[in-house]
Each structure stands twice: as C-alpha cells, then as structure tokens.
Amino acid sequence: MPKPVLTVELKELHDRASEATQFLKSKVEGKMRIKGTQLQIEGAKTKQVKLLLHKFLHHQGLNHYRVLSESGVLEVTPPEKHVLHLPEREGSPPTAAQTTPYLFPQTPALTPEKRKRAKPKHKRE
C-alpha cells in the first residue's frame with residue numbers, strides 16, 4: 001500500500017522557500033521531492049508538518065503568516081492586507097478667532113449648530 005503524500009505549498013514565502021525546505025528536511029523523516037515551489041513528503045503526518053512550519057515561521061519573524069490545511073495540502077499564506085478607510089470630514093476647521101474668542105474680542109464667538117432631529121414615525125392602525 002503506498003504511503004500518503006503530503007504537499008506543502010511554499011510559493012508565498014518567496015526567497016525563504018529554500019530555507020523552509022531545508023528546515024523540514026532536517027526535522028521530518030520520509031522521502032521528499034521538490035517540484036517548483038511545492039514540497040511533496042511521503043508518509044508525513046499533516047499535524048506534525050504544520051507545527052514545524054509554524055515553528056519555522058516564528059523563528060524567521062513571520063508571525064502573521066498562516067499555515068492552511070486542505071485535504072493533504074498545506075499552504076503558507078501571508079498576512080491579509082487591510083485597507084484603512086478614514087471617514088471624510090465635512091466642512092472646514094474653525095478659525096483661531098472662533099476657537100479662542102478671548103484672544104480676539106472683536107470677533108463673534110463660535111456657536112454650535114442646531115441639528116434637526118428626525119421625527120419618529122407613527123404607526124397607523
């Protein structure tokens with residue numbers, strides 16, 4: 001009976017893929033084949049290899065990288081990039097005379113705008 005083959009995808013590690021391969025070769029027993037950015041390991045346990053990949057990423061300072069496991073394939077993925085959207089401000093900032101009226105006694109003081117409240121909707125019966 002052939003041993004199950006575990007595929008490890010190291011494409012997202014770019015220049016550190018060879019270092020990861022060497023690390024796994026030193027730690028995992030089993031026949032290994034390299035095909036491009038993929039490393040195929042015969043007879044290795046998924047959980048063990050995943051733990052070793054996490055250990056390698058931690059030692060390299062890549063703590064935000066993840067190791068995803070799907071039916072015999074382990075894939076190293078980079079951290080997700082979040083785009084920060086700041087809310088746009090309405091209007092312009094007040095002038096110095098408006099915010100510090102005691103320094104500018106000749107100008108009127110800044111008064112807050114009165115906002116209209118939404119009227120509650122009445123239910124019709």
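What share of the 125 residues in the chain is buried? The answer is 24%. Keep in mind that this is a predicted model. Here is a quick tour, starting with the chain as a whole and then moving inside to the nonpolar core and an aromatic pair.

**Overall layout**

- The chain has 3 helices and 5 strands.
- Follow the sequence from start to end and these elements come in the order β-α-β-β-α-β-β-α.
- The radius of gyration is 30 Å, while the globule rule gives 14 Å for 125 residues, so the chain is more spread out than a compact globule.
- To get a feel for the dimensions, picture a box of roughly 90 × 55 × 20 Å along the principal axes, filled by the C-alpha atoms of the chain.

**Surface and contacts**

- About 11,100 Å² of the chain's surface is accessible, and carbon and sulfur atoms hold 53% of that.
- Take the contacts in the chain with a separation of 6 or more: 54% of them link residues that sit 24 or more positions apart.

**The largest nonpolar core**

- This core has 23 residues, and the ones touching the most other members are L13, V49 and L53.
- Several elements chip in at least two residues each: the strands β1 (5-9), β3 (38-42) and β5 (73-77), along with the helices α1 (17-27) and α2 (46-59).
- Of these contributors, α2 gives the most, with 5 residues.
- L13 is a good residue to click on: leaving aside residues up to four places away in sequence, L13 touches A20, F56, L57, L62, Y65 and V76.

**The aromatic pair**

- How many aromatic pairs does a search of the whole structure find? It turns up 1.
- The partners are F23 and F56, whose ring centres are 5.7 Å apart, with 40° between the planes, and the pair counts as tilted.
- F23 belongs to helix α1 and F56 to helix α2, so the pair ties together parts of the chain that are 33 residues apart in sequence.
- Are these two rings' residues buried or exposed? F23 has a relative accessible area of 17%, so it is buried. F56 is buried as well, with a relative accessible area of 4%; the cut-off for buried is under 20%.
- F56 also shows up in the list of residues that L13 touches, so looking around F56 is a handy way to view the aromatic pair and the surroundings of L13 together.

Note on methods: Residues are numbered from 1 along each chain as its sequence is written. This is a predicted model: local features need pLDDT of at least 70, side-chain atom pairs count only at pLDDT 80 or more; totals for chains, interfaces and linings use all residues. Side-chain values use heavy atoms; hydrogens and water are left out. A nonpolar core is a set of buried Ala, Val, Leu, Ile, Met, Phe, Trp, Tyr and Cys residues joined through side-chain atoms within 4.5 Å. Buried means under 20% relative accessible area, exposed over 50%, partly exposed in between (1.4 Å probe, protein chains only). Helices (H or I, at least four residues) and strands (E, at least two) are DSSP runs, numbered from the N terminus. Contact means heavy atoms within 4.5 Å. Rings of Phe, Tyr and Trp (its six-membered ring) pair if their centres lie within 6.5 Å; planes under 30 degrees apart count as stacked, over 60 as edge-to-face and the rest as tilted. The radius of gyration is taken over C-alpha atoms; the globule rule is 2.2 Å times the number of residues to the power 0.38. Accessible areas come from the Shrake-Rupley method with a 1.4 Å probe; for residues, only the protein chains shown count as cover.
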